[in-house]
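Reader: Hello! I work in computational chemistry, and I would like a close look at one residue before going further afield. Could you begin there and then show me the surroundings, the helix packing and any backbone oddities?

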Amino acid sequence: MRGNEAFGEGALRAGCRYTFAYPITPQSEIVHFLARRLPEAGGVFLQVESEVAAVNMVFGAAAAGARVVTSSSSPGMSLMQEGLSYLAGARLPCVIVNVMRGGPGLGNIAPAQGDYLQAVKGGGHGDYRLIVLAPSSVPEIIELMELAFELADTYRSPVLVLGDGVLGQMMEPVTVPEGDSPSEGDSPLGAQRGQSPLVSPLVSPSKPWAVTGQGDRPERNIISSLHIVPEDNERFNRELEQVQMEIRRREQRVEEYRVDDAELVLVAFGTVARVAKAVVDRARAGGLRVGLIRPITLWPFPDETVSRAAARTESFLVVEMNLGQMVEDVRLAVNGQKPVHFYGRPGGTVPTVREVWNEVRRIREVSGGEEDLRTAAGPNG
Amino acid sequence: MKKIFERPQALTDKPMHYCPGCTHGIIHRLVAQAIDQLGVRTRTIGVGPVGCAVFAYEYFNCDMIQAAHGRAPAVATGVKRVHPDRVVFTYQGDGDLAAIGMAETVHAAARGEKFTTIFVNNAIYGMTGGQMAPTTLVGQKTTTTPYGRDAEETGEPIKVSELLSTIDRAVYVARVSVHNPRHVIQAGRAIRKAFEFQLRGLGFTMVEVLSTCPTNWGLSPLEALGWLEEKMLPVFPLGEFRKPAEEEAV
């Protein structure tokens, strides 16, 4: 399955039946996939006039109690930031996919990781954080899309799934269980599957705040991000802070690869983590003790893992497809305990195994090894 | 004693914050009355704007959403697509609908989204301090057109009803006014019709209501009503610009 299709498949398996989308390369296959599959599944696919409209339709559908997704790529994500701030302010669960491309501005359609800071530090106005998940393979895309909806509903927060053009376009074998995923039965709209979209869907009893028409409820529901009295707004921000602390405490996810005895720890996410993993294997084959930390949640950043590694290792090398964004979070987590090096390529270029390997050798002051490298580099070299 | 007049159930009893002489209160009441008359309060979802009516959710006694500036039609689209059997309306001012939210409005109409937009046009930005709106009249003085709106510089007022009436799936588009009791009654009738057509699932419905802004126009409430009648009506003629085919036949 293609990565972009996996974003759609994961959303479907999570019981999501609504998407409001605006096409942009290199993620348009998500839109194509959902345009085909959602109506079959009794859902609603709508291609709309802009990213601004799409994210605000997500706002409406989420407020109405539905599981809803939209996707875009970097320039489109910038347009969606208004909506993301409002979604955070109204505490509405939803999932947004960003398949990153080269920037700034129109940039290009090649894979990049230049939106890290925008994704994890807010992006829209105000004091908020979004949960940000970063898959690095096609099967993991499906897994993390399902997780994204669970986390969104659990914490009443928008969840951002951050991929890039390589991940979106690559094809990998995927095994998915037959039939509905377990989460689908519990989802608000699971029961609606196969029915006409004109039938009003059930709304999960776990979303008693949803705006559905008052019906028999004793109180009407209001979805708003407005707290005109500063003290009220501060109280809301404090509540949000509590939720975010809980997320930080409970939801840090990370893959550690040969880190235990590593003298140098690579840190990379998404596509670049695959390159870094190949470098780790080569380094090990050459007798260098190198490991990899791959953050799966970019927010909350897995600082406990990094901090723990800092106590044992001698140095870090952060590798990114940008000029140095996640490296800031790594440095915060390392907190001066050990040197943190950086290697990155911005603008839609992907670091090669050879380049990263050279950085590793430079840091570890290893000379020679060209023969090794040729074997190491493989097709990526 | 027989009660002959009461507050609509679809309004809360919260005192409104609007300036003296502003007709938002009347328009709120007309919307609430239509909801009451159709008996749909408990299945109605309202979407409010940014601007003077930002607290609409405190006044309409139904489930409510406060949307970002201009995005109410997008938010309402999301809501209505999830709950096609609910009654959904947006309540928007001219800055909200005709400036920043023009794209959302036009495209909601083009898709024939089955909700009702109440568009309150007072030819000025109220909440932000009386700046020029897309609907500001030529020659009208505002805080950003202190010498009067110059059409050469900033164009002419956008006639939203006329514009939307070119869209096939905008099934009901009407412009009404609330500057005197006769027009208030007509406005109420138009708003109710819009909700009825929504209930019948015919398509997008919008009622543009000409409204006053005594504070930012720098007029007394009474003068403001006169200014609306004298200055706005010639530029924004009243009428039903679009209605369903069977209505045409009547």
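Does A:Thr154 count as buried or exposed?

Author: Happy to help! This is a predicted model, in which local features need pLDDT of at least 70 and side-chain atom pairs count only at pLDDT 80 or more, while totals for chains, interfaces and linings use all residues. Residues are numbered from 1 along each chain as its sequence is written, chains are lettered from A and ligands numbered from 1 in the order in which they are written, and side-chain values use heavy atoms, leaving out hydrogens and water.

A:Thr154 counts as exposed, because its relative accessibility is 54% (buried means under 20% relative accessible area, exposed over 50%, and partly exposed in between, with a 1.4 Å probe and protein chains only). A:Thr154 sits in helix H6 (residues 138-155) of chain A; helices (H or I, at least four residues) and strands (E, at least two) are DSSP runs numbered from the N terminus. Although A:Ile247 is 93 residues from A:Thr154 in sequence, their C-alpha atoms are 9.9 Å apart in space.

Let us widen the view to the whole chain. Chain A has 14 helices and 13 strands, and 59% of its 381 residues count as buried. Contact here means heavy atoms within 4.5 Å. Of the contacts in chain A between residues at least 6 apart in sequence, 77% join residues at least 24 apart.

Helix H13 (residues 353-363) of chain A offers a contrast with the exposed threonine. Its buried residues are A:Val353, A:Val356, A:Trp357, A:Glu359, A:Val360, A:Arg361 and A:Ile363. A:Glu359, a member of this helix, is buried because its relative accessibility is 13%. Setting aside neighbours within four places in sequence, A:Glu359 touches A:Leu317, A:Phe342 and A:Tyr343. After H13(A) comes A:Glu365, with a positive phi near 50 degrees.

Now to helix packing. Two packed helices are described by the angle between their axes and the distance between the axes. The axes are lines fitted to C-alpha atoms, for helices over the stretch in contact, and the angles run from 0 to 180 degrees between N-to-C directions. Within chain A, helix H1 (residues 3-13) packs on helix H2 (residues 28-40) at an angle of about 40 degrees, their axes 7 Å apart. H1(A) and H2(A) are therefore oblique to each other (under 35 degrees counts as roughly parallel, over 145 as roughly antiparallel, 65 to 115 as roughly perpendicular and the rest as oblique). Their crossing is right-handed; a crossing is right-handed if the near helix is turned clockwise from the far one by less than a right angle, and left-handed if anticlockwise. H1(A) contributes A:Asn4, A:Glu5, A:Phe7, A:Gly8, A:Glu9 and A:Leu12 to the contact, and H2(A) contributes A:Glu29, A:Ile30, A:Phe33, A:Leu34, A:Arg37 and A:Leu38. By class, this contact has 6 nonpolar, 2 polar and 4 charged residues (Ala, Val, Leu, Ile, Met, Phe, Trp, Tyr, Cys and Pro count as nonpolar, Asp, Glu, Lys and Arg as charged, and the others, Gly among them, as polar).

Another pair of helices spans two chains. Helix H3 (residues 51-63) of chain A packs on helix H3 (residues 72-82) of chain B at about 45 degrees, with their axes 6 Å apart. H3(A) is therefore oblique to H3(B), and the crossing is right-handed. Here A:Ala53, A:Asn56, A:Met57, A:Phe59, A:Gly60 and A:Ala61 of H3(A) meet B:Ala74, B:Val75, B:Thr77, B:Gly78, B:Val79 and B:Val82 of H3(B). This contact has 8 nonpolar, 4 polar and no charged residues.

Finally, the backbone oddities you asked for. Most residues other than glycine have a negative phi, and most peptide bonds are trans. A:Gly103 and A:Pro104 are joined by a cis peptide bond, with omega about 0 degrees, and A:Pro104 belongs to the loop between strand S4 (94-100) and helix H5 (116-120) of chain A. The bond from A:Trp299 to A:Pro300 is also cis, with omega near 0 degrees. A:Arg91 has a positive phi near 55 degrees, and this arginine is buried, with a relative accessible area of 19%.
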